[in-house]
Amino acid sequence: MATLVLTAVGGTVAGPVGAAVGAMVGSAIDHELLFKPKRREGPRLAELRVQTSSYGTQIPKIFGTMRVAGSVIWATDLVEHRSRDGGKGQPTTTSYSYTASFAVALSARPILGVGRIWADGTLLRGAAGDFKARTGFRLYLGDEAQMPDPLIAAAEGIGLAPAHRGLAYAVFEDLELADFGNRIPSLSFEVIADAAEVSAGGVVEALAGGDILAADEGPALTGFAAQGTSVRAAAETLAGAAGAWFRDEGGRLALLAGSGAATPVEDERIASQAQARQERAIAAAESVPLSIVLSHYDPERDHQAGLQRAVRPGPGLREERIELPAAIDAGGAKAIAEATLAKLERERERRTVTLPWRGITVRPGERVAIAGAPGVWRVERWSLEHMAVALDCVPIASAPMAAPASPGRVLGAPDRKWGTTILHAFELPALGDAPSATPRIAVAAAGSEPGWRSAALLLSNDGGASWSEAGGTAAPAVLGTLVVPPGPAGATLVDRRSVIGVELAHAGMLLTDADDVALAGGANLAMVGDELVQFARAEPIGDNRWRLSELWRGRRGTELAAGAQAPGDRFVLLHKDSLAILDLPAAALGGTVRLLGQGVGDATAAEAEVAITGISVLPLAPAQLRLVDRGEVHWARRSRSGWDWIDGVDAPIGEETERYRITVTTPDGERVEEIAEPRIAVTAVERASGATVQVRQIGARGLSAAATLILPPVGENR
């Protein structure tokens with residue numbers, strides 16, 4: 001920073017000398033930028049990282065594109081929301097969630113918009129403008145015509161809510177806080193104040209309000225946040241980054257950088273009169289830092305802090321650190337660090353040129369050409385004493401060649417799109433050993449994009465006439481649609497003939513192989529249409545499609561659905577973490593349940609409909625119906641529990657009692673009986689007529705599906 005030293009200027013000096021001195025002194029009074037030697041604190045990187053809410057916190061002026069934390073300028077208390085699940089004879093569970101509404105100041109000058117938003121380091125709003133959590137959002141660009149926010153006006157009262165004209169700020173309305181520990185998260189914003197890069201000189205001009213003219217623009221910056229104790233502090237920071245300095249122009253300052261047209265400060269006439277002399281000094285090499293470390297914001301690192309270093313050869317240990325609160329790429333930061341080091345190295349040499357009093361027109365900050373000295377020099381200090389002008393000059397260093405630089409390893413927050421909600425709901429047999437006592441449905445959901453996380457659920461038992469909250473979905477499921485149905489097959493042998501073709505919802509979903517031990521433990525269990533199937537082999541075939549083989553069919557009593565699938569039917573990989581289980585009242589049995597699911601990215605809710613057939617609560621159909629020689633029909637009881645068959649003898653009943661309803665149908669009529677044992681006698685007449693025997697197990701909630709045996713007429717082989 002150029003300074004001016006005036007000594008022993010008499011009040012009788014007139015003419016050009018008086019005019020020049022008057023201009024200098026007037027400028028010293030008018031422009032604190034040039035003549036206040038007291039140090040000012042400029043903007044620092046740390047000030048832009050942490051969200052604040054303290055009264056009196058300074059709001060930065062944003063240029064270009066910058067990531068800033070902002071300051072909370074208004075907020076409501078947390079709002080508690082309650083939802084109840086259950087009822088109608090079922091246990092009631094009350095769930096609590098919280099939202100908050102608040103406003104965050106972003107820039108003390110108008111902006112064009114906001115890009116990404118981070119909350120506690122993860123993306124709350126992606127580059128496409130999609131929010132990852134449910135919230136209302138309004139952005140005020142900071143123009144002079146903006147009106148008060150309606151939410152703030154409603155809370156504070158009409159006429160009491162400020163419009164914050166000239167201040168860019170964002171308002172969040174009912175931001176869901178579940179992902180942030182039920183508190184307002186620490187937010188940072190990608191603020192876009194200008195459509196393109198900005199120059200250091202252009203920013204200085206804007207901050208000074210016309211008092212500074214950027215004759216040389218300086219390096220291009222992606223963005224800059226002007227914050228500090230004064231305009232002078234920010235201007236000095238930018239000038240230092242540009243290797244620039246200031247020159248007084250009488251009414252304002254000019255920002256200069258690099259070599260340019262130089263004013264000769266010594267000619268033959270002056271030399272012949274022996275009125276000019278030169279003094280030269282070179283400082284020790286150790287006076288220059290061994291290295292310059294520049295910290296900055298790196299756009300390639302999601303605007304996180306980056307670090308670039310320039311090192312000179314030779315002796316010394318001192319390291320000098322520079323904080324530049326600007327967004328600039330690694331190569332640009334490296335060039336600034338090397339240019340700063342080269343400037344300090346070059347300025348080890350100093351020359352003092354003494355001129356007669358007419359040299360008073362040479363201003364501090366002037367580029368000069370010194371006779372007998374190569375290069376272009378800058379007047380750093382000017383003094384007038386005994387009618388002689390002394391110019392302290394330093395050489396102007398040429399800009400170094402651009403050097404390659406790396407931003408380092410980038411660990412940015414993933415920007416995954418939510419997509420739209422895909423919702424599947426189905427009645428589910430108990431997957432554990434304990435049978436269900438009430439009708440039960442499973443809800444599996446995911447999104448059309450990998451960023452989807454959850455959706456709120458509504459349930460209707462009356463065809464959509466009324467709806468009740470049903471909580472939310474579980475973790476995203478692996479799901480898709482059938483492309484190639486498996487066809488019919490039995491449930492007692494491994495199906496090595498059939499294959500299943502599946503198209504998953506997006507490329508982020510994966511399927512894996514499983515061996516027999518894993519399959520026996522329940523691995524790779526999927527709802528394929530209405531059939532539960534396990535698969536041992538999963539082969540990707542491209543375009544999110546998979547071929548599944550070595551199938552275990554009809555699991556958990558779903559063998560009747562084997563072969564009934566069609567292309568487009570659901571495929572859902574079942575995992576306890578990705579299923580939301582909803583218990584229904586007993587009255588729902590035989591009816592239909594409708595579900596709505598809506599996530600953050602949904603313009604309309606996804607819908608699913610489930611027919612409650614009773615597979616979750618009714619007994620399983622008996623198996624192995626056969627006619628024995630003594631004229632009895634026997635069968636094997638099946639159970640909804642004890643699927644692992646640990647004792648190898650018999651499965652537990654799984655019902656309150658063991659009872660069966662048998663219907664024997666002949667051309668002459670039918671006979672219905674209820675018995676407690678897995679056998680029934682048939683008469684010779686029934687046998688002779690080729691009667692049909694249907695057996696259903698009786699459960700607490702109803703009858704199982706029928707197991708059927710057609711008796712062969714007498715004389716035919718069975």
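How many nonpolar, polar and charged residues does the lining of the largest cavity have? In this predicted model, the lining comprises 5 nonpolar, 1 polar and 2 charged residues. The residues concerned are Pro-429, Ala-430, Arg-556, Ile-615, Ser-616, Leu-620, Arg-640 and Trp-643. The space enclosed by the largest cavity is about 60 Å³, and the structure holds 1 cavity of 30 Å³ or more.

With regard to overall architecture, the secondary structure of the protein amounts to 9 helices and 46 strands. The protein has 718 residues, of which 45% count as buried. When contacts between residues at least 6 apart in sequence are considered, 68% of them join residues at least 24 apart.

The nonpolar interior was examined next. The largest nonpolar core consists of 33 residues, and within this core the most contacts are made by Leu-221, Phe-224, Leu-238 and Phe-246. Two or more residues are contributed to this core by each of the helices α4 (200-208), α5 (231-242) and α7 (330-346), and likewise by each of the strands β14 (223-226), β15 (244-248), β16 (253-257), β19 (291-298) and β21 (319-327). The greatest contribution to this core comes from α5, which supplies 6 residues. Another core, lying apart from the largest one, contains 30 residues, including Leu-428, Ala-446, Trp-546 and Phe-571.

Two individual sites were then considered. Glu-632 is located in strand β40, which spans residues 632-636. This glutamate counts as buried because its relative accessibility is 17%, buried residues being those under 20%. The side chain of Glu-632 forms a polar contact of 2.8 Å with the side chain of His-634. When residues up to four places away in sequence are not counted, Glu-632 touches Arg-626, Leu-627, Arg-679, Ile-680 and Ala-681.

The second site, Asp-77, is found in the loop that runs between β3 (71-75) and β4 (79-87). Asp-77 counts as exposed because its relative accessibility is 66%, the cut-off for exposed residues being over 50%. Along the sequence, Asp-77 and Ser-101 are separated by 24 residues, while in space their C-alpha atoms are 7.8 Å apart. Thus, Glu-632 is a buried residue of strand β40, whereas Asp-77 is an exposed residue of the loop between β3 and β4.

Note on methods: Residues are numbered from 1 along each chain as its sequence is written. This is a predicted model: local features need pLDDT of at least 70, side-chain atom pairs count only at pLDDT 80 or more; totals for chains, interfaces and linings use all residues. Side-chain values use heavy atoms; hydrogens and water are left out. A nonpolar core is a set of buried Ala, Val, Leu, Ile, Met, Phe, Trp, Tyr and Cys residues joined through side-chain atoms within 4.5 Å. Buried means under 20% relative accessible area, exposed over 50%, partly exposed in between (1.4 Å probe, protein chains only). Helices (H or I, at least four residues) and strands (E, at least two) are DSSP runs, numbered from the N terminus. On a 1 Å grid over the protein atoms alone, a cavity is a set of points where a 1.4 Å probe fits but cannot get out, and a pocket is an open set with protein on both sides within 12 Å along at least five of seven lines; lining residues have an atom within 4 Å of a point. Grid points are joined across faces, edges and corners, and a volume is the space filled by probe spheres set on the points. Ala, Val, Leu, Ile, Met, Phe, Trp, Tyr, Cys and Pro count as nonpolar, Asp, Glu, Lys and Arg as charged, and the others, Gly among them, as polar. A polar contact is a pair of N or O atoms within 3.5 Å; within protein, one must be able to donate a hydrogen and the other to accept it, and residues adjacent in sequence count only if both atoms are side-chain atoms. Contact means heavy atoms within 4.5 Å.
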